[in-house]
Amino acid sequence: MSTTGNTTRRIPLIPLIRPVIDDTVKQRVLEVLDSGYLTEGAVTRDFEENVRRFVGAGHAMAVPSCTVGLEIALRAFGVGPGHEVIVPDYTYPATASVVNIVGALPVVVDVDPETMLVDYDALERAITPHTRAILPVSLFGNPLDYERLDDIRTRYGVYVIEDAACALGAAHAGTRAGAACDAAVFSFHPRKFITTGEGGMVTTNSAEHAAWMDAYKHFGLTASTPREAATFTTIGTNAKLSDILAAVGLAQMERIDELLARRLALAARYTELLDGMPGVTMPRTTPGGTHSYQTYCIHIDRRDHIMAALRAQGVEAQIGTYALHRQPAFANPATCRLSGPMPGSRQAADHCLALPLYHHMTDDDQRHVVRTLAEAMRTA
Ligand SMILES: Cc1ncc(COP(=O)(O)O)c(C=O)c1O
């Protein structure tokens with residue numbers, strides 16, 4: 001247990017995630033603080049350029065969170081009142097909330113129970129003349145099938161905005177998450193392996209939409225130098241990411257290949273250790289895809305019991321994510337349309353368990369997690 005002020009909290013023996021905050025990260029933050037320039041500036045530009053290059057997209061814009069980035073991306077593609085946007089049922093609620101925030105109607109469809117990604121057939125069935133965009137999620141780092149999405153985009157004339165919150169480093173058929181759709185948005189929340197504390201990044205290949213989003217996130221400002229020549233071309237907001245936070249992300253982006261390789265190795269080790277364990281089913285990676293293992297999930301029966309037993313032993317297991325149709329926020333048919341039953345999402349929501357996975361995890365840690373899981377499954 002540790003005591004911070006008046007609050008006492010239990011420190012898990014094996015946490016779900018632990019960010020990589022080394023001396024370089026700390027040094028970069030100090031440099032920004034010492035510079036006296038604390039808002040968005042040159043460091044954020046470098047961070048954007050690093051992410052853009054890594055992903056292979058044309059443009060990248062830093063934002064305060066994935067949620068804000070998704071909202072801005074929807075606005076950039078003209079999504080608003082009178083439009084429908086299709087989202088998967090099994091996702092973090094922000095995916096659907098942003099559709100409501102821009103005044104459009106989220107239309108929720110089921111997911112494939114094995115990949116836990118949107119059911120492409122259900123998605124196509126839900127398309128109507130009002131559908132302006134689809135907002136699929138490359139959940140947990142499992143990439144979407146970008147070829148299939150591009151085919152849907154072309155046949156139905158809808159925009160594809162990828163919720164890539166968890167997908168930095170994921171790829172499908174050689175294309176990285178963030179480079180394939182009309183726009184994609186990443187999260188740098190501390191659950192993600194590259195983190196800025198809070199933060200996000202929008203990527204797109206469209207210069208026109210990038211310019212609009214860039215202006216929108218800077219109060220609608222198009223040219224800012226010299227300051228007296230600034231022109232406000234659109235209504236805008238303040239969605240900048242400060243250089244302080246960008247410094248944290250930039251120092252990690254500079255070693256992303258190593259950080260990602262380590263994650264993939266840890267995930268492969270889990271797969272080896274869990275192979276053949278009775279009662280454990282592995283989710284399926286999208287065929288042709290490279291999973292980035294933002295989250296390492298398994299499917300088990302009696303998930304909540306087993307999760308509680310793991311936590312009691314200091315292993316910070318967690319549920320995967322949420323079934324939107326079970327959340328009160330999406331229960332009003334006037335503001336959210338559920339498209340058909342959701343057996344795939346229910347299956348994922350009831351069975352998915354996320355296991356601890358972080359850069360400095362040792363082989364002993366992983367074997368301890370798997371042993372504790374096996375014990376819990378026998379006795380819980
Ligand atoms: C699928 C998905 N979308 C959106 C978000 C929201 O991201 P942020 O916290 O950066 O706003 C999350 C958060 O984890 C997420 O998992």
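A residue counts as near a molecule when one of its heavy atoms lies within 4 Å of it. Keep that in mind for the first stop. What you have open is a predicted model, where local features need pLDDT of at least 70 and side-chain atom pairs count only at pLDDT 80 or more, while totals for chains, interfaces and linings use all residues. Residues are numbered from 1 along each chain as its sequence is written, and side-chain values use heavy atoms, with hydrogens and water left out.

**Stop one: the ligand**

Select the ligand and show what surrounds it. There are 14 residues around it, and Cys66, Thr67, Asp163, Ser187 and Lys192 come nearest. The shell is made up of six nonpolar, six polar and two charged residues (Ala, Val, Leu, Ile, Met, Phe, Trp, Tyr, Cys and Pro count as nonpolar, Asp, Glu, Lys and Arg as charged, and the others, Gly among them, as polar).

Now zoom in on the oxygen atoms of the ligand. A polar side-chain atom of Thr67 is 2.5 Å from a ligand oxygen. Click on Lys192 next: an N or O atom of its side chain lies 2.8 Å from an oxygen of the ligand. At Cys66, look at the backbone instead, where a polar atom is 2.9 Å from a ligand oxygen. Taken alone, the ligand exposes 390 Å², and the protein buries 88% of that (areas from the Shrake-Rupley method with a 1.4 Å probe).

**Stop two: the largest pocket**

Pull back a little. The ligand sits in the largest pocket, meaning that more than half of its atoms lie within 2 Å of the pocket's grid points. On a 1 Å grid over the protein atoms alone, a pocket is an open set of points with protein on both sides within 12 Å along at least five of seven lines; a cavity is a set where a 1.4 Å probe fits but cannot get out, and lining residues have an atom within 4 Å of a point.

This pocket holds about 530 Å³ of space. Select its 27 lining residues, and you'll find Tyr92, Ala165, Cys166, His189 and Lys192 nearest the centre. Colour helix H3 (66-76) and helix H4 (94-101), which each give two or more residues to the shell around the ligand. H3 also gives the most to the pocket lining, with three residues.

**Stop three: the cavities**

How many cavities of 30 Å³ or more does the structure hold? Three. The largest has about 80 Å³ of space. Among the residues lining it are Ile17, Lys192, Phe193, Arg263 and Tyr358, and the lining divides into six nonpolar, one polar and three charged.

Last, go to the second largest cavity, at about 60 Å³. Its lining includes Ile17, Arg191, Arg263, Gln294 and Leu357.

Note on methods: Polar contact = N/O pair within 3.5 Å; in protein donor to acceptor, adjacent residues only side chain to side chain. Helix = DSSP H or I, 4+ residues; strand = E, 2+ residues; numbered from the N terminus. Points joined across faces, edges and corners; volume = space filled by probe spheres on them.
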